[in-house]
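This report goes through a single protein chain, from its overall make-up to individual side chains. Please keep the sequence and the model in view while reading.

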Amino acid sequence: MRPTARHVWIDSASSTSRRTVFSSVPDHGVVVSCHRRLRGPYTGAGSVLRDIVPGARRDLPDLTAAHILEILCAAPELES
């Protein structure tokens, strides 16, 4: 059985109200902020990659090697 992914979209002008809504969501895994004032979707992609690539390098080295260009474009600090 594969776990299913769940996406929770929190849209609010206030960071306080976003934190309140987020704290009520049970069982969060990877937490990603794609705020437009940062780097928008690139910030989100980098956050996801920083969370999953270290484990993927250990468990799936061929997969991470095959996608190194994509990984480094979104999260250049993972080069080492």
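## Surface and overall make-up

What does the accessible surface of the protein chain come to, and what percentage of it belongs to carbon and sulfur atoms? In this predicted model, the accessible surface comes to about 6,700 Å², and carbon and sulfur atoms hold 58% of that area. Of the 80 residues in the protein chain, 19% are buried.

The secondary structure consists of four helices and zero strands, so that, as helices are numbered from the N terminus, the elements read α-α-α-α in that direction. Among the contacts in the chain with a separation of 6 or more, 27% are between residues 24 or more positions apart.

## The nonpolar core

In soluble globular proteins, nonpolar side chains tend to be buried together. The largest nonpolar core here has six residues, namely L49, V53, I71, A74, A75 and L78, and helices α2 and α4 each supply at least two residues of this core. One of the core residues, V53, is in contact with I71 and L78 when neighbours within four places in sequence are left aside.

Helix α4 also holds L72, which counts as partly exposed because its relative accessible area is 25%, a value that is not under the 20% required for a buried residue. With neighbours within four places in sequence again left aside, L72 is in contact with L78 and E79. L72 and G46 are 26 residues apart in sequence, while their C-alpha atoms are 9.0 Å apart in space.

## T64 in helix α3

T64 belongs to helix α3, which covers residues 61-66, and T64 counts as buried because its relative accessible area is 10%. A polar atom of the T64 side chain lies 3.1 Å from the backbone oxygen of P61. Not counting residues up to four places away in sequence, T64 touches A56, R57 and I71, and I71 is also one of the residues in the largest nonpolar core.

## Salt bridges

Side chains of opposite charge can pair when their charged atoms come close. How many salt bridges does the structure hold? There are two salt bridges. In one of them, the side chains of E77 and R50 meet with an N to O distance of 2.4 Å. This pair links distant parts of the chain, since R50 is in helix α2 (residues 41-59) and E77 is in the segment after α4 (68-74), 27 residues apart. Both partners are classed as partly exposed: E77 because its relative accessibility is 44%, and R50 because its relative accessibility is 37%.

The structure also has a salt bridge between R58 and D59, in which the closest N and O atoms are 3.2 Å apart. Are R58 and D59 buried or exposed? Both R58 and D59 are exposed.

## A nonpolar surface patch

Which residues form a nonpolar patch on the surface? The patch is made of V32, V48 and I52, which together have about 200 Å² of accessible area. V48 has its place in helix α2, and V48 counts as partly exposed because its relative accessible area is 30%. Helix α2 also contains R50, the partner of E77 in the salt bridge that links distant parts of the chain.

Note on methods. Residues numbered from 1 in each chain as written. Predicted model: local features only at pLDDT ≥ 70, side-chain atom pairs only at ≥ 80, totals over all residues. Heavy atoms only, no water. Salt bridge = Lys/Arg side-chain N within 4 Å of Asp/Glu carboxyl O. Buried < 20%, exposed > 50% of the residue type's maximum accessible area, 1.4 Å probe, protein only. Contact = heavy atoms within 4.5 Å. Areas by Shrake-Rupley, 256 points an atom, 1.4 Å probe, with all protein chains shown as cover. Patch = residues over 30% accessible without salt bridge, like charges linked within 9 Å, V, L, I, M, F, W, Y side chains within 5 Å. Polar contact = N/O pair within 3.5 Å; in protein donor to acceptor, adjacent residues only side chain to side chain. Core = buried A, V, L, I, M, F, W, Y, C linked by side-chain atoms within 4.5 Å.
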